[in-house]
Amino acid sequence: MKKIEAIIKPFKLDEVREALSEIGITGLTVTEVKGFGRQKGHTELYRGAEYVVDFLPKIKIEVVVNSQNADAAIDAIIKAARTGKIGDGKIFVMEVEQVVRIRTGETDEAAV
């Protein structure tokens, strides 16, 4: 099993969720986060004063999939989240050793 974490622009969330749903991924976790990479933030004007916004709002999506579905999920996220501009985000993929569904006690593949 693989855990996929994707950091994307907030306005792309619905498109990514729909793309994942179309390939059969039914569960995901979404967190509002802030950060920066090469984008490095930007300056804004507030009450006549300029200030630097270092941390930009982003969305982190976490999903656990069977190893054979990982590439399809990654492709779906890339296609849905890409704008072609700086700050589109990143995808991290890691191995999952064990999954347990708390309610039923199911483990691993049955719990995903």
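## Strand β5 and its partners

Strand β5 spans residues 56-65 and is mostly covered. Of its 10 residues, 7 are buried. The model is predicted.

β5 pairs with β1, residues 2-8, through 7 bridges. These two strands run antiparallel. Within that pairing, I4 has V63 of β5 as its bridge partner. β5 also pairs with β2, again antiparallel, and 7 bridges join the two. Here E32 stands opposite I59 of β5.

## The loop at G27

G27 sits in the loop that links α1 (13-22) to β2 (29-35). Its relative accessible area is 42%. That value falls between the limits of 20% and 50%, so G27 counts as partly exposed.

G27 can also be placed relative to V65. The two residues are 38 apart along the chain. Their C-alpha atoms are separated by 9.4 Å. V65 belongs to the residue range of β5, 56-65.

## Salt bridges

The model has 6 salt bridges. One of them joins K2 to E95, with the closest N and O atoms 2.8 Å apart. K2 lies in strand β1 and E95 in strand β6, residues 89-95, so the pair ties together parts that are 93 residues apart in sequence. The two ends differ in exposure class. K2 is partly exposed, at 22% relative accessible area. E95 counts as exposed, at 52%. The cut-offs are 20% for buried and 50% for exposed. K2 is therefore over the buried limit, and E95 is over the exposed one.

E15 forms another salt bridge, with K12. The closest N and O atoms are 3.1 Å apart. E15 counts as partly exposed at 38% relative accessibility. K12 is buried, with a relative accessible area of 9%. That is under the 20% cut-off, so K12 takes the buried label despite its salt bridge to a partly exposed partner.

R101 and E106 also form a salt bridge, and the closest N and O atoms are 3.0 Å apart. Both ends are partly exposed: R101 at 27% relative accessibility, E106 at 31%. Salt bridges that share partners also join K3, E5 and E62 into one network. By residue number, K3 and E5 fall in the range of β1, 2-8. E62 falls in that of β5, 56-65.

## Packing of α1 on α2

α1 packs against helix α2, residues 70-81. The angle between them is about 150 degrees. Their axes are 8 Å apart. Angles over 145 degrees count as roughly antiparallel, so α1 is roughly antiparallel to α2. The crossing of α1 past α2 is right-handed.

Which residues of α1 and α2 meet? On the α1 side they are E15, V16, A19 and L20. On the α2 side they are A73, A76, I77, A80 and A81. E15 thus appears in two roles. It meets α2 as part of this contact set, and it forms the salt bridge with K12.

## How the parts connect

β5 pairs with β1 and with β2. β1 carries K2, which reaches β6 through E95. The G27 loop leads from α1 to β2, and α1 in turn packs on α2.

How values were computed
Residues are numbered from 1 along each chain as its sequence is written. This is a predicted model: local features need pLDDT of at least 70, side-chain atom pairs count only at pLDDT 80 or more; totals for chains, interfaces and linings use all residues. Side-chain values use heavy atoms; hydrogens and water are left out. Helices (H or I, at least four residues) and strands (E, at least two) are DSSP runs, numbered from the N terminus. Buried means under 20% relative accessible area, exposed over 50%, partly exposed in between (1.4 Å probe, protein chains only). Two strands pair if DSSP finds at least two bridges between them. A salt bridge is a side-chain nitrogen of Lys or Arg within 4 Å of a carboxyl oxygen of Asp or Glu. Axes are lines fitted to C-alpha atoms, for helices over the stretch in contact, and angles run from 0 to 180 degrees between N-to-C directions. Angles under 35 degrees count as roughly parallel, over 145 as roughly antiparallel, 65 to 115 as roughly perpendicular and the rest as oblique. A crossing is left-handed if the near helix is turned anticlockwise from the far one by less than a right angle, and right-handed if clockwise. Contact means heavy atoms within 4.5 Å.
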